[in-house]
Amino acid sequence: MSETKNLIKCSQLTLGYGSKNIVNSFNYEINAGDYLCIIGRNGCGKTTFLRGLAGVLRPKAGKIELRDNLQRKQIGYLPQITVTQKDFPASVEEIVLSAFQGKSLLLPFYGRALRERANECLALTRTENLRKACFRELSGGQKQRVLLARALCAAERMLLLDEPVTGLDPESSQNMYNIIKELHEQKKMTIVMVTHDVEASAKYATRLLNFNEIEQ
Amino acid sequence: MLDQLLFYLDFPFVRYAIIVGTLISLCSSLLGVTLVLKRYSYIGDGLSHVAFGALAIAAVLKVTNNMFIILPITVAVAVLLLCGGKDAQIKGDAAIAMVSAGSLAIGYLLMNIFSASGNVAGDVCTTLFGSMSILTLKPTDVYLCVALSIVVLITFVLFYHKIFAITFDENFARATGVNVNLFNLLIAIIIAVIIVLAMNLVGALLVSALVVFPALSAMRVFKSFFTVTIAAAVISVVCSLTGILVAILAGTPVGSTIVAMDIVVFLVCYITSAIRNKKA
Amino acid sequence: MRKINLYKIFSRIAVIVVLCIFSLANKSIAADSTSANRINIDLSRMSATMVYSMVFQMVTEPQKFIGKRIKMKGAFSSYQDEETGRRFFGCVIKDALACCSQGLAFEAFKPRKYPKDFPREGSPITIIGRFDYEKEDDGIGFPIIRNAIFIE
């Protein structure tokens, strides 16, 4: 890539919970078109860093700058699935449409444009046939793909994925990797993925960030 | 039996009880789903005890309308418990246990020491188990209950999708720019209002049953958030109505009769889903 | 279980007070009391829940009920005020927990001697009388059924 545009620039970033700092004075840049994999052992701060990028966790010090006109609403986030969600009575459509709630809609219903956008995102993750299905009855891989569709609905330029293949069988994992690769190559999405899968990281990523090697 | 029912319906307080009971059960069921899914069921229980303590304080202060004391105190505690969050010194279930048992004790103590009414046992019995309270509402209570119920209903309809988004995935909602803290605050306030309202219907100790049972029943059978919410509302209203009617016809305490209805419906839903799963 | 016992102890005391039991000290017998024999409120037909709520209404808004003929069925109860030495009589409707028992005080139509002319404590009685609200000197009053006649 001849010209690399900075999309996100972290400077002296410190993140943590309560009095505990997990990421300390960290400097990093993410460029347009990156397929960045973040690896490292448990508890080293990968997920915390991603939560910081997603805007879920406010920096305790330092800052995260969005550059090149990147806006929060153009960043999609796929958090790790929670115990609550596994047993949640909701249809796939309801979950995917909930991605639009950031746009401060107060309407008790969703317009046609939003529904079409949701259907597009479902198609991109090959879950369009599950639109009316009950989320808690889906397989692990299907659940992840639905949540990825939801992230896509809220995103145009960047995806933040937190362990998207953890707990999936090899086939579902491969499926997931293929979809992400497609999004990266065809939709020109910038991908930031936290993962334990070092092998896949080496195969797909254009950049690697190893949190074990960061001096904390 | 129908004659008897029509005879009872002639009395205005019976009609008030039915109207207010329907509205309260409708409100309480709506957020039940959120409460169950967010693992907040026990907070509802704790808050009802707080409301009982507040009621005792109101009785001691001899205010004209108890609600003006109970509502602010319960809302304040709800906000502290639900929104105090990660920085709180005493965490989660311990805080709830502390607050709920504490206010129960203080409430009973105050009622015993200061109660103006001769029938302390009756007062305690009716506020804890809702034996009769819905049938002994004063006209001002009726208006207040109706008004609060309507406010809760409108708020819920208006913010239905936001509440869903936050219930399903708080982190994601935050990432997409939903003001999660604001809506958590709103949910806490609505829950407190519902608890105070529901205390009139089933009494402090049984409030969480009224909130949780319809939601759990609906979750067994229905598969989308929307259908679960509607079903919970229908179940709650039907159970409360039949509960009130059975209670006045058979002379049983209102609160526990309603909860008994809720339990029956839950069992039916549980068995239905079990059979369906076996077939599938 | 201890909780329930506590309730029972309190309720014993409470029932007596709430009953607003009253003395026999008889006033002039209204001659017209037999002319209007229609019963306005028949508590004997109502379930315990309804009786409780009805009596609650009578206590909180007595002016609405004054002059109404009331029929009720319950257990006979009597109590002597230790300060004044007056004896009060009541008709009590018990509930299972005894905490939400309700009752009304009454005043017999014809002068009777206690205990010879009255039923045994706790035995079932049915009475018909006219509702009245007796104001005490301190401003707190209580409902009472006047000119009550016993029905077998």
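Let me begin with a term: a residue is called buried when its relative accessible area is under 20%, and exposed when that area is over 50%. The model before you is a predicted one.

With that term in hand, consider strand β5 of chain A, which spans residues 75-78. Are its faces covered or open? Both faces are covered. On one side lie A:Ile75 and A:Tyr77, on the other A:Gly76 and A:Leu78, and all of these are buried. As a general point, the side chains of a regular strand alternate between the two faces of the sheet.

Strand β5 of chain A also has a partner. It pairs with strand β6 of chain A, residues 158-162, in the parallel sense, and the pairing runs over 4 bridges. Within this pair, A:Tyr77 stands opposite A:Leu160 of β6.

Just beyond, in the loop between β6 and α6 of chain A, we find A:Glu163. This residue is buried and yet has no salt bridge. Which side chain of opposite charge is nearest to A:Glu163? That side chain belongs to A:Lys46, at 4.6 Å. The salt-bridge rule asks for a nitrogen of Lys or Arg within 4 Å of a carboxyl oxygen, so a distance of 4.6 Å does not qualify. A:Glu163 does have a polar contact, of 3.2 Å, between its side chain and that of A:His196. Setting aside residues up to four places away in sequence, A:Glu163 touches A:Gln80, A:Gln144, A:Val194 and A:His196.

For the setting of these residues, chain A as a whole has 7 helices and 8 strands. Of its 216 residues, 53% count as buried. Among contacts in chain A with a separation of 6 or more, 74% are between residues 24 or more positions apart.

I turn now to the place where the two chains meet. The contact takes 35 residues from chain A and 28 residues from chain B. Together the chains bury about 2700 Å², and 61% of that is on carbon and sulfur atoms. On the side of chain B, the residues that lose the most area to chain A are B:His161, B:Phe168 and B:Phe172, which together make up 28% of what that side buries.

How many salt bridges cross the interface of chain B and chain A? The rule finds 2. A salt bridge joins the side chains of A:Glu137 and B:Lys223, with 2.9 Å from N to O. There are also 13 residue pairs in polar contact across the interface. The elements of chain B that give two or more residues to this side are α8, α9, α10, α12 and α13. Of these, α9 provides the largest share, 7 residues.

B:Lys223 appears again beside A:Ser91, a residue in the loop between α2 and α3 of chain A. Leaving aside neighbours within four places in sequence, A:Ser91 is in contact with residues of both chains, including A:Arg131, A:Cys134, B:Lys223 and B:Phe225. A:Ser91 counts as buried because its relative accessible area is 9%, which is under the 20% limit.

I close with B:Leu186, in helix α11 of chain B. Because its relative accessibility is 23%, B:Leu186 counts as partly exposed. Apart from neighbours within four places in sequence, B:Leu186 is in contact with B:Thr155 and B:Phe159. The C-alpha atoms of B:Leu186 and B:Phe156 are separated by 10.0 Å, and these two residues are 30 residues apart along the chain.

Conventions
Residues are numbered from 1 along each chain as its sequence is written. Chains are lettered from A and ligands numbered from 1 in the order in which they are written. This is a predicted model: local features need pLDDT of at least 70, side-chain atom pairs count only at pLDDT 80 or more; totals for chains, interfaces and linings use all residues. Side-chain values use heavy atoms; hydrogens and water are left out. Buried means under 20% relative accessible area, exposed over 50%, partly exposed in between (1.4 Å probe, protein chains only). Two strands pair if DSSP finds at least two bridges between them. Lys and Arg count as positive and Asp and Glu as negative; His and the chain ends are not counted. A polar contact is a pair of N or O atoms within 3.5 Å; within protein, one must be able to donate a hydrogen and the other to accept it, and residues adjacent in sequence count only if both atoms are side-chain atoms. Contact means heavy atoms within 4.5 Å. Buried area is the accessible area (1.4 Å probe) that two parts lose on being put together, summed over both.
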